Structure formats: structure tokens, C-alpha cells
Amino acid sequence: MSLQRGFTELLQKRLGWFPKQRRLVHSVGIIGAPFSYGQKRRGVEGGPRAIRDAGLTERLSGLGCKVYDYGDLSFTTVPNDTPYNNIVHHPRTVGLANQSLTEAVSRAVGDGHLSIMLGGDHSLGIGSVHGHAQQRPDLCVIWVDAHCDLNTPLTSMSGNLHGQPVSFLIRELQDKIPSLPGFSWITPCISAKDLVYIGLRDVDPAEYYILKNFGIRYFSMKEVDQLGIRKVMERTFDHLIGKQKRPVHLSFDVDAIDPSLAPATGTPVIGGLTYREGMYIAEEIHNTGMLSAMDLVEVNPKLAASDEELNATVNIAVDVISFSLGQAREGSHGKCDELPTPSSTYATNEQTLRL
Ligand SMILES: NC(=[NH2+])NCCC[C@H](N)C(=O)O
Ligand SMILES: [Mn+2]
Ligand SMILES: [Mn+2]
């Protein structure tokens, strides 16, 4: 990308030569969600800042996206937020955060943007999908993650709500979900058939029960190995989109990528997606033309053992977003629409020199 931009800038400076107006790819709305109460390791609230500092806006603008930054949401820590059932931590704080995220995502999509939510922990998936669904009730969800985040408040062994968001979203599961303080506003908004997982490799017993008994489609790392990422994506789209196009919500947990590549995250699991598999997923989702909102969550700068680890993780996060928004390894149209000829080069060079 920077090579391409560098080339264009060089042509502009040296030759006074301008390519045709770049094609506008997307109008995107960025929402920062610096939130960590869905799990116990502080630091993941620094995700939005780290991802922005790595140049997200510039990368997206360079792709031709029109970027609108809604800034960071400010979340309230509810006092006396006692655990539900002595297990589930910070229910009121997590519930309230997701309520305001719902509004923010709904507004961004309502304003005509493709919503990009920067987490924060994955409990934020509740509000992001919920807010998206308020505008696009026919959406489907691709959840790229080492974990399926499908525990209910009654099955969670960790008590962390970032391991439970999907259970609040699926209609068929609702008679299994207790009423949690802080969560009364939620209405489930997807069916089990509207969801596909990619990258799973750490699934709890109750989560496996749900995957199997509710007919949820998933491609664990085993299927990625067996089929290859190309077939995984083909089958994902066959299942979710088929002939009837519909909006896609991509919820990307950075721990889907192998921890040797993206180590700064709270629940790393060995044996993850390669960089190339991660980018292939993002490229193919972009190619559907149906991406309407996405999440990039669980980047925890405080868990990086060095600057290299932090940069590696954050750069992958920016790459996943950029590839989902149209960056392509083969290069892309609209960057260079015509080549300068010797005569146009000469003429514009003269002009530049005279100025
Ligand atoms: N978003 C995540 N990183 N989730 C990890 C969840 C781990 C575990 N299954 C749990 O319920 O606690
Ligand atoms: Mn997750
Ligand atoms: Mn995960």
C-alpha cells in the first residue's frame, strides 16, 4: 500500500501527473470502544488508541475510503457491580457499555457508514451486532476467533462476559439465558443459521453442546487444515449468503491469528491462523461487497512483552481491517488508471519546472 501511494506521490511531485479521481470504495465510521470489564486482564482498553496510532485512518484513506471517526465512547464503571451468581463479573458495567455501543453502531450504520468497532474485549460483540441489527435486521455474522464465545451466564467457567457474547444474540438460545442485571434491554437478533465461526481451537464443553445441538456452522482450525482456507470461505458464503445477498457483520478477535504473530492478547491459543489465512478471509469478505460492520477486538498492548510484539499485533489488526475494506495483495484498481506517456511526462515536467 505505502509502495503504491509512494509511487503515486512520486509521479505527482516529479511529473506533475495526477491519476484520475480515485474510486470511492467505502464510507467508514470508526468507533473506539476502550473497554475491558468483559474479562480480568486490564490493558485491552488501550486497543483503540494502539490501532489508531498504527495509522488506521491513513491506511483506509489511502484505499479510497471516506473515513469518519466517531472518537472513543466513554464508559461508566457501575459501582457495587456484584457478580451474578457469584460467577459472572461486572454484569451491569458490561451491560451498560453494550447498551451505549448499540446506539453508536446503529447510528454509524444509519448515517450510511460501514461501522468499524475497535475493542476493547469481545463482550462488545453484543452491542456491535445488536446495533448493526437495528439498522439491518437481515444481517449475518462471521465470527473469526480461537474461541466461540458461546457460554451462557450459567455455563461460563471463567465468569468472563467476553466468553459469552454470542449466547445473548442467538434467538434459539433465549430460554437458556437468565436475566442478568444490566442486560434487560437486549433482544436476540440472529438465528443459529445466520452465524459461521472460523478459527476455533478452544471450545468449552457447553459451547460444543450448543454448536452441535443448535446446528451452528463452524470451521475450526481442523477444518481449515482439512479443507484449506479457500473452501472454508466458499462454504461460509454458501451457507450465509447463497443467492440472496445480505449484510455481513465480521467480528474478528485478534486471537484467531496464531499467537506467534499476534501475541499481545489476553487469551492466546497456539495453533492459529497464519497471516495469509487471516488476510485471505478479509479479502474474500471484502469481495462479497456485503460487509456492513466489523469489530476488531482483544488487542491488549499491556500484554506485549516488547515493542516488536506490540507492533506485530497492532499491524495485523490494521491489516485485517484494511484488507476487509479493499486492500488486496494482487494490487487494486483505481490506484493507477492510466500510464503517463513520454509526451505527457515532458509537458507536465516543463510546467513543474517553470513554477
Ligand atoms: N473473547 C475471548 N477471547 N474469549 C475467550 C473465552 C475463553 C473461555 N471460553 C471463557 O468462556 O472464558
Ligand atoms: Mn472472542
Ligand atoms: Mn478469542
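Student: Hi! Which atom of ligand 1 does D204 reach with its side chain?
Tutor: A nitrogen atom of ligand 1, with a polar side-chain atom of D204 lying 2.9 Å from it. Keep in mind that this is a predicted model.

Student: Sure. And what about T267, what does its side chain sit by?
Tutor: An N or O atom in the T267 side chain is 2.9 Å from a nitrogen atom of ligand 1.

Student: What does the side chain of S158 pair with?
Tutor: There the partner is an oxygen atom of ligand 1, 2.5 Å from an N or O atom in the S158 side chain.

Student: How much of ligand 1 does the protein cover?
Tutor: On its own, ligand 1 has 350 Å² of accessible area, and the protein covers 93% of that.

Student: How many residues surround it, then, and which are closest?
Tutor: Ligand 1 has 13 residues around it, the closest being D149, N151, S158, D204 and T267. By class, that shell holds seven polar and six charged residues, and no nonpolar ones.

Student: Which pocket is ligand 1 in?
Tutor: Ligand 1 takes up the space of the second largest pocket. That pocket has a volume of about 300 Å³.

Student: What lines the pocket?
Tutor: The lining is made of 21 residues, and H147, S158, H162, G163 and T267 lie nearest the centre of the pocket. Sorted by class, the lining has nine charged, nine polar and three nonpolar residues.

Student: Switching to the metals: what holds the manganese ion that is ligand 2?
Tutor: Ligand 2 is coordinated by H122 through ND1 and by D145, D149 and D253 through OD atoms, at 2.0 to 2.2 Å. Along the chain, these donors follow the spacing H-x22-D-x3-D-x103-D.

Student: And which protein donors does the other manganese ion, ligand 3, have?
Tutor: For ligand 3 they are an OD atom of D145, ND1 of H147, an OD atom of D253 and two OD entries from D255, lying 2.1 to 2.4 Å from the ion. Their spacing along the chain reads D-x1-H-x105-D-x1-D.

Student: How far apart are the two ions, and what bridges them?
Tutor: The manganese ions, ligand 2 and ligand 3, lie 3.2 Å apart, with D145 as a bridge.

Key:
Residues are numbered from 1 along each chain as its sequence is written. Chains are lettered from A and ligands numbered from 1 in the order in which they are written. This is a predicted model: local features need pLDDT of at least 70, side-chain atom pairs count only at pLDDT 80 or more; totals for chains, interfaces and linings use all residues. Side-chain values use heavy atoms; hydrogens and water are left out. A residue is near a molecule or strand if one of its heavy atoms lies within 4 Å of it. A polar contact is a pair of N or O atoms within 3.5 Å; within protein, one must be able to donate a hydrogen and the other to accept it, and residues adjacent in sequence count only if both atoms are side-chain atoms. Accessible areas come from the Shrake-Rupley method with a 1.4 Å probe; for residues, only the protein chains shown count as cover. On a 1 Å grid over the protein atoms alone, a cavity is a set of points where a 1.4 Å probe fits but cannot get out, and a pocket is an open set with protein on both sides within 12 Å along at least five of seven lines; lining residues have an atom within 4 Å of a point. A molecule sits in a cavity or pocket if more than half of its atoms lie within 2 Å of its grid points. Ala, Val, Leu, Ile, Met, Phe, Trp, Tyr, Cys and Pro count as nonpolar, Asp, Glu, Lys and Arg as charged, and the others, Gly among them, as polar. Grid points are joined across faces, edges and corners, and a volume is the space filled by probe spheres set on the points. Donors are N, O and S atoms within 2.8 Å of the metal (3.2 Å for Na, K and Ca); water is not among the atoms, so sites may look incomplete.
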